[in-house]
Every structure is written in structure tokens, then in C-alpha cells.
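Have a look at the model below and turn it around a few times. Then we'll walk through it together.

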Amino acid sequence: AIVLLAAYAVPVVGVAVFTIAQVAGNGIGGLASDRVGLAPVGRLPLSGPRVAGALLGVAAVTLAQIGRPVGDLAVGLLLLVVAAGVGVAVQTALNGRVSAAGSAAAGVAVNFVVSTPAVLLVAALAGAFTGPAIRWPGEWHLYLGGLLGVGVVASLVLGVRAAGVLRTGLALVGGQLTGALLLDVLLPGGPGARLPVLAGALLTVLAVLVAGRRPGVVPPAGAVRVASEQAPARDERLGP
């Protein structure tokens, strides 16, 4: 869904607004997924530090997008992008649960086995395979997107099992901003190091740290009662 929506929304709202809306939705979805315990790490409380971390993540992306062109602010389309961001967070949690039941490779495989036919079906219905012949680009690096996508999903599957959905998503955003900064500096003809992107990357690192302050796993309902019932009774005659 996020791949198809990006193809339609980015030309309308622009990359900057799309990215901010997606990260906002991902933060909302991450908080909700962790709270209900969708990820294998267990239930994580909706605490002040975690909410602050999500807000810092959105602020970091917003800061990094300063100076980029803004398209039409279509409210309905923006809400769809936010919803897609929530969906990505839920997807990450469920991928992690599949991998916890089997292996990381199983989580990645299920992700692509389910999504690839859906994308091809929509592309066929949209007429993407008809019309003029496709001109394949000559730049070799443009063909690495799919392979890198597999790496991204695999890293999310592993990360969510240890850190939960919210912090894994924030770490991914931090990596994206850091990679964007490196590409701006290293690619020939690039804009060079941009201060907003650098500040956004550092702010995202802060968001990951803030969101990780004493996360504390919430035990399932009744766990405390069962544990207390199973504990051996103390003999009062022995004293405290």
C-alpha cells in the first residue's frame, strides 16, 4: 500500500510533505502497536518519554525537509499517507511476530510473497504494462532498490524483536537522514552537507534515546496475580 500510495502522492504533495506525514503516521502506529503488544518484544507502556520520542522524530524529519519544494497540501491525500504510515508500523510488528515464530528469513519471505503479487496486480490494472515500450535506464545503481528493500525489511524484522516498533522506526528514520546526508556530500554535483539534514539526523538519534528511557514491558493481565498465588506461603512463625 505504501509503495502504491507513494507513486500517486509524491507528485502531488512533494517528497518533503509525504515524508513528514508518513513518519507521523509511523510514530502513531508504533506507539499503538507497542502498547497493545503486537510486536514480539511484548507490551510497552504509553509513557511520556515514548510519546516525546515520537514527536522528536517528526520534528527531526520536518527540520531535515526545510528548503525542499512543497506541493499541493491536499488534506485527504495527507490523511491517506498518515494512515499508510500507521500501516507500515503494524506491518513491521507483524513481520517481527512471524520471524519470532520461525526465523528472520521467514518474516522477510512472507512480506514479499504477499506484497509482490498485489503490486503487480495493481500495476496491471493501471495499465502500466501497456502503451509505449519501456526504456530501461542505463545507470546500474538504479536497479539496487529491490535488493536494498529486502535489507530494510530484514533489519526491521530483527530490530522490532529487540527494541519494539517505535524505536525501530525512529532508528530507520535516523539511518535514512544519515544516508541522505552522505549522498549529498559524496555524489558528484550534490548539494553538499546541509545543516538542516545534519540537525535532523542528530535529533533522530536523540529521539531514539528518549523513547528508550525505561521502556518496561507491561506483563499480561493476571500475570502478577498468578505469580503471587504460585509463590510459597511464608511461615509466620519464622519471623520476617
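We'll start with the overall layout, then go inside, and finish on the surface.

First, keep in mind that this is a predicted model. The protein chain has seven helices and zero strands, so reading along the sequence, you simply meet α-α-α-α-α-α-α. Of the 240 residues in the chain, 30% are buried. If you take contacts between residues at least 6 apart in sequence, 77% of them join residues at least 24 apart.

What does the UniProt record add? An unreviewed entry there lists "transmembrane region" for residues 6–28, 73–94, 106–128, 140–158, 170–187 and 193–212. Let's check two of those stretches against the model. Residues 73–94 are 91% helix and 0% strand, with their end C-alpha atoms 32 Å apart. Residues 140–158 come out at 74% helix and 0% strand, and there the end C-alpha atoms are 29 Å apart.

Now for the inside. The largest nonpolar core is made of 10 residues: Leu5, Ala9, Val13, Val17, Phe18, Ala21, Leu77, Leu78, Val81 and Ala84. Helices α1 and α3 (75–101) each supply at least two residues of this core, and α1 gives the most, with six residues. A second, separate core has seven residues, including Leu31, Ala54, Leu166 and Ala211.

Phe18, one of the residues in the largest core, is a handy one to zoom in on. Leaving out residues up to four places away in sequence, Phe18 touches Ile2, Leu5, Ala6, Ala9, Val10, Val13 and Val81.

Next, find Ser33, which lies in helix α1. Is Ser33 buried or exposed? Its relative accessibility is 2%, so Ser33 counts as buried, since the cut-off for buried is under 20%. Again skipping residues up to four places away in sequence, Ser33 touches Leu38, Ala39, Ala89, Val90, Ala93 and Val165.

Finally, the outside. The chain's accessible surface comes to about 14000 Å², and 72% of that belongs to carbon and sulfur atoms. Which residues make a nonpolar patch there? Val3, Leu4, Val119 and Val122 do, and their patch covers about 280 Å². Helices α1 (2–36) and α4 (104–125) each supply at least two of the patch residues.

Val122 sits in helix α4. Why does Val122 count as partly exposed? Because its relative accessible area is 36%, which falls between the 20% limit for buried and the 50% limit for exposed.

Methods. Residues numbered from 1 in each chain as written. Predicted model: local features only at pLDDT ≥ 70, side-chain atom pairs only at ≥ 80, totals over all residues. Heavy atoms only, no water. Patch = residues over 30% accessible without salt bridge, like charges linked within 9 Å, V, L, I, M, F, W, Y side chains within 5 Å. Areas by Shrake-Rupley, 256 points an atom, 1.4 Å probe, with all protein chains shown as cover. Salt bridge = Lys/Arg side-chain N within 4 Å of Asp/Glu carboxyl O. Helix = DSSP H or I, 4+ residues; strand = E, 2+ residues; numbered from the N terminus. Buried < 20%, exposed > 50% of the residue type's maximum accessible area, 1.4 Å probe, protein only. Core = buried A, V, L, I, M, F, W, Y, C linked by side-chain atoms within 4.5 Å. Contact = heavy atoms within 4.5 Å. UniProt positions renumbered as here; feature names shortened; annotations may be inferred.
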